[in-house]
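New to this one? Have a look around first, and then we'll talk it through.

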Amino acid sequence: MTASCALQPVIVGAGPAGVRAAEALVAHGLRPVVIDEASRAGGQIYRRPPASLAQRSAQALYGFEARRADAVHAAFDALRERIDYRPDSLVWNAHGGRLDVLHGPTRSTSGVPYGQLIVATGATDRVLPVPGWTLPGVYTLGGAQVALKFQGCAIGQRVVFMGTGPLLYLVAYQYAKAGAKVAAVLDTARLADQLAATPAMLRQPAVFAKGVYYVAWLRAHGVALHSGVRPSRVLGDATESRVDGVAWHDGREERTLACDAVGFGYALRSETQLADLLGCRFEFAPLHRAHLPVRDAAGRSSVEGVYLAGDGAGIMGADAAEWAGERAALALLADHGVAVDTARAETLERKLHKLGGFRQGLERAFPVPSDWAAHAPDELVVCRCENITAGTLRQTVSVNGADEMNRLKALSRVGMGRCQGRMCGVAAAEILAHATGLPLQQVGRLRGQAPIKPIPIQLAACEPAGDAGA
Amino acid sequence: MSSIKTLRTDVAIVGGGIVGSSAALALRQMGIGVALLERDLCGSRSSGVNFGGVRRQGRPLSQLPLAQRAHRIWGRLPSLIGTDGEYLRSGHFKIARSESDMASLERYRSQSLDFDLGLELISDARLRERCPWLGARAVGGSLCVEDGQANPRLVSPAFALAAQRAGAQVFERHAVDEVAHDGAMFMLRSGNALEVHAPVLLNCAGAWSGPIATRFDEPVPLRSGNPVMVVTEPMPHFMDWSLGVEGGGIYGRQVARGNLVLGGGAGIAVDADRTRAGSDAIATLAAQAIELLPALRHAHFIRTWSGTEGYLPDRQPVLGPSRTTPGLFHGFGFSGAGFQIGPAAGEVLAELVRDGRSSTPIGAFSIERFFAEEPTTPTPP
Ligand SMILES: Cc1cc2nc3c(=O)[nH]c(=O)nc-3n(C[C@H](O)[C@H](O)[C@H](O)COP(=O)(O)OP(=O)(O)OC[C@H]3O[C@@H](n4cnc5c(N)ncnc54)[C@H](O)[C@@H]3O)c2cc1C
Ligand SMILES: Cc1cc2nc3c(=O)[nH]c(=O)nc-3n(C[C@H](O)[C@H](O)[C@H](O)COP(=O)(O)OP(=O)(O)OC[C@H]3O[C@@H](n4cnc5c(N)ncnc54)[C@H](O)[C@@H]3O)c2cc1C
């Protein structure tokens, strides 16, 4: 085991991918550093409420996922003393074998050197805005779920869920189960899409059955489910200070419904900034409608020593994240001369491969509305940090000839605010592709730069200069 | 196999930064035919990512005639390129952190009197009164009221667009990878896409100009540098002046939107084209920024970046005719300060093409200076 002594692996992200990666490394005698922005391990799906909140049961928090959530949490708890765990820690920059980390509670930053790195940064909501989305009371689906899971509160008394993707029905179900009134679920996908996708989805019968169950349960409990809708706007109250309802088009006519909160989203997008800073090569992935860091079947990126696992390199879901995390760790070990169970590695790859087919089915069942950009009105705010509208973006195309994302940003300020395009980048790219008539992959992607999230200037200044490697 | 497009024109330009684009515009205004080849997007390199300082103050005296000419061009930006590019004559204040800094600012003022920069020295109580937001280390400074700032992202692409509207043939995403000269005509080739023939060639390829100069037996000690830039989240407006510090180190300005843009220190070249701000440079810059502007203590920075700029050892550009090849003119190596003078450099290049001479003195920028003691025999690269 001499090889392993020289290894200095760091894992970023303590979701299912990061936890299983850590577990595999520990099993081979290593003590990885595990850095996670959250205060408790679990990642997005198995997010744990703060220890200070009254404990709700796993069943209440995670429903069907309770067993898996328990398993991931238990795996992590068992590792706790055998890893160098750094919660509340945001990786905000990476270069030359060093990660720059901001530790929230102590408000300090430090440089963490790494020899090998597993990037398991997960995903956030894919946002395609609708007029009125900046009204108080509008949340992303993920945000609505986090409120429930993490803070134990609902986003409103009478909630509409809107958009598409498996999370749509799941969150609606979780809200209804938790006692909130779900006024309606508005799905932009058509029933026909879902039927056509059924064969592919049956590759994961258990997951498929869960989806069917949520829909059936919601229907049985009187929740109005509409598919094939086109959201037209979120309505505000008299003073435009709060959500008052939603309006949508059902193919024949415009309809409205009163509500006091909206959760919306179009599935997920990968958090790829760290991979970008690390210099990983990206390629357009049609299935994900996004440029993603390239990884081989085992999780190796294009950069030696950097491995990618979980939703951060393409949305594949929590089970896949667990397998990919373990697989990437095995690859890391094998690449550095540590003997690993190759049969296990093959099994994991086979499972991941099989899930790929299901994933295609999901995309067919819940397609991102291809006409979203065409219907986005000029006054729609695309970039809420900088208040940039769809009309401004279109004008930047027609007047200034922008035909690429970074040029669009330079000329219009889209993506130049606090989120640096993490929220608005997807929608801006859709508008740009539509306005230029170019395929989405050709309009490119926003260049990444540090910091991954905003950093207090004062803290950046405290950092010891000339730290390892840089 | 697509057949290569061939065209013939009066002037071929390599590089669509602010220098090449403004040369193209000036040439078109003289009625001269132009083809400009830019391997990326016009104004996407140094010219589009720089700090946006539009200042004459602090430049070597030899640059001031050119800077004055540029100052007049900046003054009529909207009519010239169709946008104000957020250009503001908001004042540029060069800060002194010691009495000796103050003395050298005083010296600069008296030396530059002929150029009418209108410099005003401010210190002590008046300093605190005029800029209560300034950190305690500042003891005074020199204000150039008519210097200012602009948004490079908007200005530099707009020069190229204006040139195009004026009739220049602008080829973006066309890298020049071969240049030849048969004694009378230059031939530029961009892959299998484009071949341009012209009797005149302008080398405006920024930090990448070296190979073209070398191609014509004029190797110059051009090196690339990567100034670090940091921008904060928007803050309530408190400062009009664009700031610099005597002796260098850090500079800053607050843009109309409220963000503070800060610069200083050296970044990292990831490769020949891509750059980053390293965290040590960010740390140093952040510490200096707080010292300069204590209000930043509570701000977040939201982005960092750098760019690739061409520097010559004496920090003066090469601007003028080739010493080996008739019809070739250079305009590169602006050494971290070419945004302000870029438009004037473009006009000068156009004059050189039309008249064979510049109406603004450019002697200090001659490429001859690198070959002073040598005979004019070609030197191997
Ligand atoms: C809000 C939300 C809700 C979801 N709910 C469900 C659900 O109910 N059911 C379902 O099947 N799927 C759900 N998903 C999808 C599911 O989360 C993923 O499939 C799964 O969590 C992927 O696991 P992972 O390990 O790749 O990433 P994640 O679980 O997302 O874990 C990534 C971790 O990395 C951390 N991180 C990211 N960037 C940095 C950084 N720069 N520095 C430090 N730490 C960082 C994050 O804080 C996070 O803890 C949800 C996704 C989201 C975004
Ligand atoms: C971070 C930073 C901050 C700065 N701050 C200031 C400031 O505040 N004030 C100031 O006055 N100056 C500043 N400068 C300097 C200023 O930006 C430059 O001096 C000026 O932009 C140079 O213009 P240019 O046209 O020569 O170069 P560039 O803008 O670099 O243009 C050269 C162009 O040539 C193209 N090119 C290169 N090779 C080829 C080829 N083979 N074929 C086709 N095209 C090619 C490149 O793609 C590029 O677009 C700063 C520079 C940087 C990087």
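Below are some questions and answers about this predicted model.

Q: How confident is the predictor in chain A, as a mean pLDDT?
A: Keep in mind that this is a predicted model, so confidence is a good place to start, pLDDT being the predictor's confidence in each residue, from 0 to 100. In chain A, 96% of the residues reach 70 or more, and the mean pLDDT is 92.

Q: Over which residues of chain A does pLDDT stay under 50?
A: Where pLDDT is low, the predicted coordinates should not be read in detail. For the stretch in question, the model has 11 contacts beyond four places in sequence, and the stretch is residues 465-470.

Q: What radius of gyration does chain A have, next to that of a compact globule?
A: Along the principal axes, the C-alpha atoms fill a box of roughly 70 × 50 × 45 Å. A compact globule with 470 residues would have a radius of gyration near 23 Å, and chain A agrees with that, because its own value is 22 Å.

Q: What share of the residues of chain A count as buried?
A: To count as buried, a residue needs a relative accessible area under 20%. Chain A has an accessible surface of about 18,700 Å², with 52% of it belonging to carbon and sulfur atoms. Of its 470 residues, the buried share is 58%.

Q: Is A:R68 buried, partly exposed or exposed?
A: A:R68 sits in helix 4, which covers residues 66-79. Beyond its neighbours within four places in sequence, A:R68 touches A:Y46, A:D319 and A:E322. Its relative accessible area is 32%, and buried would need under 20% while exposed would need over 50%, so A:R68 is partly exposed.

Q: How far apart are the C-alpha atoms of A:R68 and A:Y46?
A: A:Y46 is among the contacts of A:R68. The two residues are 22 residues apart along the chain, yet their C-alpha atoms are separated by 8.5 Å.

Q: Where does A:D88, with its positive phi, lie in chain A?
A: A:D88 has a phi of about 55 degrees although it is not a glycine. With a relative accessible area of 26%, A:D88 is partly exposed. Its place is the loop between strand 3 (84-86) and strand 4 (89-95).

Q: Which residue does a cis peptide bond join to A:A450?
A: The partner lies in the loop between helix 15 (425-436) and strand 23 (455-456). Omega of the cis bond is about -5 degrees, and the residue joined to A:A450 is A:P451.

Key: Residues numbered from 1 in each chain as written. Chains lettered and ligands numbered in written order. Predicted model: local features only at pLDDT ≥ 70, side-chain atom pairs only at ≥ 80, totals over all residues. Heavy atoms only, no water. Rg over C-alpha atoms; globule rule 2.2 N^0.38 Å. Buried < 20%, exposed > 50% of the residue type's maximum accessible area, 1.4 Å probe, protein only. Areas by Shrake-Rupley, 256 points an atom, 1.4 Å probe, with all protein chains shown as cover. Helix = DSSP H or I, 4+ residues; strand = E, 2+ residues; numbered from the N terminus. Contact = heavy atoms within 4.5 Å.
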